[in-house]
Amino acid sequence: MTDTTSDAGSYLDFGCPRCGHAARDEYETLDPMSPTNWRCDRCARMFNVLLFECATCATETVFVAMIAAEQPPPVDLLCPSCHRGVLDHEEVADSF
Ligand SMILES: [Zn+2]
Ligand SMILES: [Zn+2]
């Protein structure tokens with residue numbers, strides 16, 4: 001029997017960009033809006049994980065990159081749930 005349903009629950013799943021191994025933030029060590037270095041359990045190499053919480057719908061999204069400098073700028077990130085920018089719109093478009 002397989003009870004490995006892809007139930008996200010309160011955990012955040014992401015994959016190692018080097019070997020594809022699935023990782024999970026079981027201990028909720030990721031800080032939102034802060035690039036965090038993560039060591040892969042399988043290949044033992046470091047990669048970078050960036051957690052965003054959408055300012056509109058509060059969906060949490062994880063972006064992975066080889067290093068922190070390769071993470072996209074926050075203003076370019078779109079929420080996969082509501083397709084709006086993950087940043088607070090008051091901060092991004094303050095001109096109206
Ligand atoms: Zn790996
Ligand atoms: Zn959203």
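1. The chain has five strands and one helix, and from the N terminus on the order is β-β-β-β-β-α. Helices here are DSSP runs of H or I with at least four residues, strands are runs of E with at least two, and both are numbered from the N terminus. Bear in mind that this is a predicted model, in which local features need pLDDT of at least 70 and side-chain atom pairs count only at pLDDT 80 or more, while totals for chains, interfaces and linings use all residues. As for labels, residues are numbered from 1 along each chain as its sequence is written, and chains are lettered from A and ligands numbered from 1 in the order in which they are written.

2. On confidence: pLDDT is the predictor's own confidence in each residue, on a scale from 0 to 100. The chain averages 83, with 81% of its residues at 70 or more. Of the elements, β3 has the highest mean pLDDT, 95, and α1 the lowest, 55. Where pLDDT is low, predicted coordinates should not be read in detail.

3. Now the sheet. It is an open one of three strands, ordered β3-β4-β5, with antiparallel pairing. Its edge strands are β3 (36-39) and β5 (60-65), each of which pairs on one side only. From one strand to the next the twist averages 35°, with axes taken as lines fitted to C-alpha atoms (for helices over the stretch in contact) and angles running from 0 to 180 degrees between N-to-C directions. Strands count as paired if DSSP finds at least two bridges between them. In general, the strands of a sheet pair through backbone hydrogen bonds, either parallel or antiparallel.

4. Take the β3 side. Strand β4 (residues 46-53) runs antiparallel to β3 and is joined to it by four bridges. If you want to check the register, Asn 37 stands opposite Asn 48 in β4, and Arg 39 has Met 46 as its bridge partner there. Six residues lie between the strands in this hairpin, and one of them to look at is Ala 44, which takes a positive phi near 60°.

5. On the other side, β4 and β5 are antiparallel over six bridges. Leu 51 sits opposite Val 62 in β5. These two strands also form a hairpin with six residues between them. Ala 58, in the loop between β4 and β5, has a phi near 70°, a positive value in a residue other than glycine. Ala 58 counts as exposed because 10 other C-beta atoms lie within 10 Å. The cut-offs are 20 or more other C-beta atoms within 10 Å for buried, 12 or fewer for exposed, and partly exposed in between, with C-beta atoms placed from the backbone.

6. What about the core? Buried residues make up 10% of the 96 residues in the chain. The largest nonpolar core has seven residues: Val 49, Leu 50, Leu 51, Phe 52, Cys 54, Cys 79 and Val 86. A nonpolar core here means a set of buried Ala, Val, Leu, Ile, Met, Phe, Trp, Tyr and Cys residues joined through C-beta atoms within 7 Å. Leaving out residues up to four places away in sequence, Cys 54 touches Thr 59, Thr 61, Cys 79, Ser 81, Cys 82 and Val 86. Contact means that the two C-beta atoms, placed from the backbone, lie within 7 Å. Across the chain, 31% of the contacts between residues at least 6 apart in sequence join residues at least 24 apart.

7. The loop between β5 and α1 (89-92) holds Ala 68. Ala 68 counts as partly exposed because it has 14 C-beta neighbours inside 10 Å. Not counting residues up to four places away in sequence, Ala 68 touches Pro 35 and Asn 48. Its C-alpha atom is 9.3 Å from that of Ser 34, 34 residues apart along the chain. His 83 belongs to the loop between β5 and α1 too, and has a positive phi of about 60° although it is not a glycine. With 10 other C-beta atoms within 10 Å, His 83 is exposed.

8. One last residue, this time from strand β2 (residues 22-24): Ala 22. Ala 22 has 12 C-beta neighbours inside 10 Å, so it counts as exposed. Apart from neighbours within four places in sequence, Ala 22 is in contact with Asp 13 and Gly 15. The C-alpha atoms of Ala 22 and Arg 42 are 9.1 Å apart, with their positions 20 residues apart along the chain.
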